[in-house]
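Work through the following exercises with the structure beside you, and try each task before you read its solution.

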Amino acid sequence: MTGRDRIVLIVLASLAVLAAVWLLAVSPERKRATELATKVSTAQAQLTTAESEVASARGAQARYTAEYASVVSLGKAVPPSQEVSSLIYQLDQASNQKQVEFNSITSGSGAGASPASAAAAGAALAGFTQMPFTFVFNGSFLDLYHLFQQLNHYTLRTASGGLEVSGRLLTIQSLKLAPDTVAAQGTGKAGGKSAEQLTGTITAAAYVLPASQGLTGGATPASPVGGASPAAAGSAAAGSPTTPAIVRANP
């Protein structure tokens, strides 16, 4: 065997050893490294998703208090029960502020007619129970005008689409002004202003949530429905049948 043949054999043997090392050691390790890289990529994607869900949950938790206050605010406009006494109190407070005499309130006197405003139509579509009333106030024209404006703006839609709620939702369906005959005879409270006194008669409707709905569905300021996390409640609140069917109020 010549020296050249020996060199060829050595080279071939070296190549065989290298091939064996590649097949037995390097190739499996590279395959394993590829598999590990795939697992790491999948884990990173899962981590990103989890971090996004955590951020969303924290955001829902931070918004829960404001959302709960918003629902409670809507409850002032459309309560879950009739609450006639609170309505009378609101009317009395408003009439005192406007220097108007709150004469009387009568339930079910013609206010159940067809809805006369977009607010009434919306309330009907939402399934709210209608409570018809007739209110009688005594006062000057300007004082009565300012009072009627306040009653009409207890629930006011803002330019952003929300609601500003300061009292019961009332839809005024008719309004009649007439001279205050009692004041004109000098027996009323107006005294020297008796000639300016008018009697304003309003037929209107207040509203109550349907019996199948609740205002907060058992939620409290600290905990949402069923003890779920505020994050879960935040994602479910939009479709919950227990929330009022009118748009959200501004907190």
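**Exercise 1. Describe how helices and strands follow one another along the chain, and say how many there are of each.**

Solution. Begin at the start of the sequence of this predicted model and note each element in turn, which gives the pattern α-α-β-α-β-α-β-β-β-α-β-α. Counting the two kinds of symbol then shows that the chain has six helices and six strands.

**Exercise 2. Find what share of the chain is buried, and what share of its contacts joins residues 24 or more positions apart.**

Solution. The first step is to take the residues whose relative accessible area is under 20%, and these make up 29% of the 251 residues of the chain. The second step looks at contacts with a separation of 6 or more, of which 78% are between residues 24 or more positions apart. As a last step, consider the surface, for which the computed accessible area is about 15,100 Å², with 59% of it belonging to carbon and sulfur atoms.

**Exercise 3. Work out the order of the strands in the open sheet of four strands, and identify which strands stand at its edges.**

Solution. Start with strand E1, residues 101-107, which is joined to E2 by six bridges in an antiparallel arrangement; within this pair, phenylalanine 102 has phenylalanine 137 in E2 as its bridge partner. Next, follow E2 to strand E6, residues 198-208, where eleven bridges join the two strands, again antiparallel, and where phenylalanine 135 is partnered by isoleucine 202 in E6. The remaining step leads from E6 to E5, a pair that is antiparallel over eight bridges, with isoleucine 172 standing opposite alanine 204 in E6.

Putting these pairs together gives the order E1-E2-E6-E5 for the open sheet. E1 and E5, the latter covering residues 171-179, each have a single partner strand and therefore stand at the edges, with one side of each left without a neighbour in the sheet. From one strand to the next, the twist averages 20°.

**Exercise 4. Decide whether strand E2 is largely enclosed or largely open, and explain why.**

Solution. Take the eleven residues of E2, which are residues 129-139, and ask how many are buried. Eight of the eleven are, so the strand is largely enclosed by the rest of the structure. Then look at the helices that lie on the sheet: H2 lies across E1, E2 and E6, and runs at about 30° to E2. H4 also packs on the sheet, where it touches E2, E5 and E6, and its direction makes about 160° with that of E2.

**Exercise 5. Describe how helices H2 and H4 pack against each other, and which kinds of residue meet there.**

Solution. Two packed helices are described by the angle between their axes and by the distance between those axes. For H2 (residues 84-97) and H4 (residues 141-152), the angle is about 145° and the axes are 9 Å apart, while the crossing is right-handed. The next step is to list the residues that meet, namely Leu91, Ala94, Ser95 and Gln97 in H2 with Leu147, Gln150 and Leu151 in H4. Sorting the residues of this contact gives four nonpolar, three polar and no charged.

**Exercise 6. Determine the surroundings of threonine 201, and whether it is buried, partly exposed or exposed.**

Solution. First locate threonine 201, which belongs to strand E6. Its relative accessible area is 26%, and because this value lies between the limits of 20% and 50%, the residue counts as partly exposed. Leaving aside residues up to four places away in sequence, threonine 201 touches Thr134, Phe135, Val136, Ser174, Leu175 and Lys176. Finally, compare sequence with space: threonine 201 and asparagine 103 are 98 residues apart in sequence, and their C-alpha atoms are 9.7 Å apart.

**Exercise 7. Say where glutamate 83 and glutamine 99 are placed, and what their phi values are.**

Solution. Glutamate 83 is found in the loop between helix H1 (3-77) and H2, and its phi is near 50°, a positive value in a residue other than glycine. With a relative accessible area of 35%, glutamate 83 is partly exposed. Glutamine 99 lies in the loop between H2 and E1, and its phi, near 60°, is likewise positive in a residue other than glycine. At 65% relative accessibility, glutamine 99 counts as exposed.

How values were computed: Residues numbered from 1 in each chain as written. Predicted model: local features only at pLDDT ≥ 70, side-chain atom pairs only at ≥ 80, totals over all residues. Heavy atoms only, no water. Buried < 20%, exposed > 50% of the residue type's maximum accessible area, 1.4 Å probe, protein only. Contact = heavy atoms within 4.5 Å. Areas by Shrake-Rupley, 256 points an atom, 1.4 Å probe, with all protein chains shown as cover. Pairing = 2+ DSSP bridges. Axes fitted to C-alpha atoms, helices over the stretch in contact; angles between N-to-C directions. Left-handed = near helix turned anticlockwise from the far one by under 90°. Nonpolar A, V, L, I, M, F, W, Y, C, P; charged D, E, K, R; others polar.
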